[in-house]
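Reader: Could you take me through the buried part of this model at close range, residue by residue? I would like to know how it is packed and how far I can trust it.

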Amino acid sequence: HNSTSSLTTTTRQLRRCFETEGQVQPVKDRTGMTPFHIVCSSVRPCQEIFSVLLEMYSHNVLGVKDGNGKRAMDYLLADWTSETKTLFQSAMDHWPIEPLQRRGPTVWVEDIRGRLAAILAE
């Protein structure tokens with residue numbers, strides 16, 4: 001039983017849990033952390049689990065602050081690695097870009113996307 005198989009099982013179980021529960025409500029633990037905070041503050045954040053969370057939760061959950069006043073993205077920025085950069089890039093496609101795109105195609109949305117890409121390329 002290798003780690004890839006285990007991860008596939010975990011993400012499958014996570015998806016099944018969301019499907020069973022129906023509408024997903026933002027969940028905070030007693031310290032105010034959402035599932036995004038937990039993934040982003042882990043030693044090795046998991047892209048696959050993060051992606052499932054992005055699919056299931058509203059982009060607004062990424063802006064929720066925990067009991068320490070930190071957003072999930074703050075944890076990624078505090079420990080900048082190639083893994084956290086990938087997660088940050090995924091998050092930026094959902095928050096703040098996704099809500100802006102729903103307002104229709106505009107030049108400034110593409111400008112923001114380009115600026116974020118330039119920052120991440122540094």
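**A close look at the buried part**

Author: Happy to, and let's begin with a cysteine: Cys46 has a relative accessible area of 17%, so it falls under the 20% limit and counts as buried. Cys40 is buried too, because its relative accessibility is just 3%. With two buried cysteines in view, you may wonder how many disulfides there are in the structure. There are zero.

Please keep in mind that this is a predicted model. Its protein chain has seven helices and zero strands, so in reading order the pattern is α-α-α-α-α-α-α. Of its 122 residues, 31% count as buried. The accessible surface comes to about 7,800 Å², and carbon and sulfur atoms hold 53% of that area.

Cys40 makes a good centre for the tour. This residue lies in helix α2, and beyond its neighbours up to four places away in sequence it touches Pro45, Phe50, Ala72, Met73, Tyr75 and Leu76. Thr84 is 44 residues away from Cys40 along the chain, yet the C-alpha atoms of the two are separated by 7.7 Å. For the chain as a whole, among contacts between residues at least 6 apart in sequence, 61% join residues at least 24 apart.

Cys40 also belongs to the largest nonpolar core, which has 18 residues. Within this core, the members that touch the most other members are Phe36, Cys40, Phe50, Leu62, Met73 and Leu76. Helices α2, α3 (47–56), α4 (72–78) and α5 (82–94) each supply at least two of the core's residues. Leu76 shows how such contacts reach across the sequence: leaving out residues up to four places away, it touches Cys40, Pro45, Thr84, Leu87 and Phe88.

Two polar residues deserve a stop as well. Which side chain does Ser90 meet in a polar contact? The partner is Gln47, and the contact is 3.1 Å. Ser90 sits in helix α5, and it counts as buried because its relative accessibility is 17%, under the 20% limit. Apart from neighbours within four places in sequence, Ser90 is in contact with Gln47, Phe50 and Leu54.

The other polar residue is Thr34, found in the loop between α1 (3–21) and α2 (35–40). A relative accessible area of 1% means that Thr34 is buried. Its side chain joins that of His37 through a polar contact of 2.9 Å. Setting aside residues up to four places away, Thr34 touches Val27, Lys28, Val61 and Val64.

Now to your question of trust. The chain averages a pLDDT of 75, and 61% of the residues score at least 70. Among the elements, α2, the helix that holds Cys40, has the highest mean pLDDT, at 90. The lowest mean, 58, belongs to helix α6 (residues 97–101). Over residues 1–5 the pLDDT is below 50, and beyond near neighbours in sequence this stretch has one contact in the model. Where pLDDT is low, the predicted coordinates should not be read in detail.

How values were computed
Residues are numbered from 1 along each chain as its sequence is written. This is a predicted model: local features need pLDDT of at least 70, side-chain atom pairs count only at pLDDT 80 or more; totals for chains, interfaces and linings use all residues. Side-chain values use heavy atoms; hydrogens and water are left out. A disulfide is a pair of cysteine sulfur atoms within 2.5 Å. Buried means under 20% relative accessible area, exposed over 50%, partly exposed in between (1.4 Å probe, protein chains only). Helices (H or I, at least four residues) and strands (E, at least two) are DSSP runs, numbered from the N terminus. Contact means heavy atoms within 4.5 Å. Accessible areas come from the Shrake-Rupley method with a 1.4 Å probe; for residues, only the protein chains shown count as cover. A polar contact is a pair of N or O atoms within 3.5 Å; within protein, one must be able to donate a hydrogen and the other to accept it, and residues adjacent in sequence count only if both atoms are side-chain atoms. A nonpolar core is a set of buried Ala, Val, Leu, Ile, Met, Phe, Trp, Tyr and Cys residues joined through side-chain atoms within 4.5 Å. pLDDT is the predictor's confidence in each residue, from 0 to 100.
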